[in-house]
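The following note sets out several points on the model for a colleague's consideration. They are numbered for ease of reply.

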Amino acid sequence: MIQEDILVLKEISYRENDKILHALGRNMGKIQVISKGSKKSNSSLRNSSQLFAYSKSSLVPSKDMYILAAGELIDNFYNLKNNIDAYYHGCYILELISYVAQENLHNVKIFDMTVSLLSHLCSLKNDFDKLTGAYELKLAAMLGYRPNFQYCINCNSLIKTEGKFSIAEGGVFCSNCVNYGNGINVTYNEILTMESILKSKFDSLGSIEVNKNILNIIRKFLFYHIGKDNFTSLKLIKEGKI
Ligand SMILES: [Zn+2]
């Protein structure tokens with residue numbers, strides 16, 4: 001029997017009363033879990049077997065999956081259901097981490113950050129894009145793609161003015177070197193903002209002003225490095241179905 005904190009990323013109906021869960025384990029990374037009888041209203045596994053459920057679980061290995069033997073709910077981020085905008089942003093985070101985690105990722109920091117992000121989404125009334133953008137930039141950094149905002153990627157001098165951010169190289173061309181490569185124009189203030197997002201906790205983002213150009217750069221940068229940009233939940237957000 002394995003004790004593991006898990007976050008349910010996807011629930012799939014299976015047989016009459018069971019579910020197969022795609023879950024992120026804090027230490028184990030992405031796993032598949034069979035939750036037997038959890039569709040029954042009186043099942044003790046019911047709460048731990050729903051989308052967004054974050055629980056202390058007892059798992060029994062079974063072939064290439066696990067059987068959920070017991071689950072004690074820590075949080076189900078219930079408030080996401082009270083705000084459709086927050087809910088879809090939460091769905092996007094699950095879809096994103098599910099994709100990233102399929103490469104055998106088991107990174108406790110990323111797990112904790114994801115749970116923290118969901119918790120912050122629950123308490124916000126707006127600014128979901130800013131919070132999500134901060135998550136994306138921090139996630140890129142944790143995956144090993146921390147951008148360099150301090151020194152020019154061409155001449156290595158300290159960035160002191162506007163420049164161009166190179167998605168592929170993960171850094172800034174200074175104002176003297178903007179012709180040496182492709183990138184997206186960034187003001188000095190935007191460069192400083194991205195650096196401070198990397199250093200700030202979700203709690204402290206309130207005082208940081210984040211514009212569309214920054215959010216666009218962060219998302220392009222993350223998607224370029226993880227090699228995927230077509231997330232279903234993002235389409236729903238963009239199409240204004242929320
Ligand atoms: Zn330069």
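1. R26 is partly exposed in this predicted model, its relative accessible area being 25%. Its side chain forms a salt bridge with that of D112, with 2.7 Å between N and O. This pair joins distant parts of the chain: R26 lies in the loop between β2 (18-25) and β3 (29-35), while D112 belongs to helix α2 (residues 108-123), and the two are 86 residues apart. D112 is likewise assigned as partly exposed, at 30% relative accessible area.

2. The number of salt bridges comes to 7. Among them is the pair of D18 and R15, whose closest N and O atoms are 3.7 Å apart. The two partners fall on opposite sides of the accessibility scale: D18 is buried, at 10% relative accessibility, whereas R15 is exposed, with a relative accessible area of 56%. Side chains of opposite charge can pair when their charged atoms come close.

3. A further salt bridge involves K130 and D127, at 4.0 Å from N to O. The criterion applied is a side-chain nitrogen of Lys or Arg within 4 Å of a carboxyl oxygen of Asp or Glu, and a reader who applies another cut-off should keep the 4.0 Å value of K130 and D127 in view. K130 is buried, at 12% relative accessible area, and D127 is partly exposed, at 44%.

4. The zinc ion is coordinated by the SG atoms of C152, C155, C174 and C177, at 2.3 Å. Along the chain, these donors follow the spacing C-x2-C-x18-C-x2-C. What geometry does the site of the zinc ion have? The angles among its 4 donor atoms run from 105 to 113°, and the site is tetrahedral. For reference, the ideal angle for four tetrahedral donors is 109.5 degrees.

5. Accessibility at the zinc site deserves a separate remark. C152 is buried, with a relative accessible area of 2%. C155, by contrast, is partly exposed, and its relative accessible area is 37%.

6. How many disulfides does a search of the whole structure find? The search returns 0 disulfides. The case of C122 may be checked directly: the closest cysteine sulfur to its own is that of C91, and because the separation is 12 Å, the two are too far apart for a bond. C122 is also buried, at 17% relative accessible area.

7. Helix α1 (residues 84-101) comprises 18 residues and spans 25 Å from its first C-alpha to its last, close to the 26 Å expected at 1.5 Å a residue. Of its 18 residues, 13 are buried, so α1 is largely enclosed by the rest of the structure. N83 caps the N-terminal end of this helix, with a side-chain oxygen 2.9 Å from the backbone nitrogen of D85.

8. F128 is located in helix α3 (residues 128-142). Is F128 buried or exposed? Its relative accessibility is 3%, and F128 therefore counts as buried. The C-alpha atom of F128 is separated by 6.6 Å from that of A86, although the two residues are 42 residues apart along the chain. A86 falls within the residue range of α1 (84-101), the helix described in the preceding point.

Methods. Residues numbered from 1 in each chain as written. Predicted model: local features only at pLDDT ≥ 70, side-chain atom pairs only at ≥ 80, totals over all residues. Heavy atoms only, no water. Donors = N, O, S within 2.8 Å, 3.2 Å for Na, K, Ca; no water. Tetrahedral: all angles 85-135°; square planar, octahedral: opposite > 155°, others 65-115°. Buried < 20%, exposed > 50% of the residue type's maximum accessible area, 1.4 Å probe, protein only. Helix = DSSP H or I, 4+ residues; strand = E, 2+ residues; numbered from the N terminus. Expected span 1.5 Å × (residues − 1). Polar contact = N/O pair within 3.5 Å; in protein donor to acceptor, adjacent residues only side chain to side chain. Disulfide = S-S within 2.5 Å.
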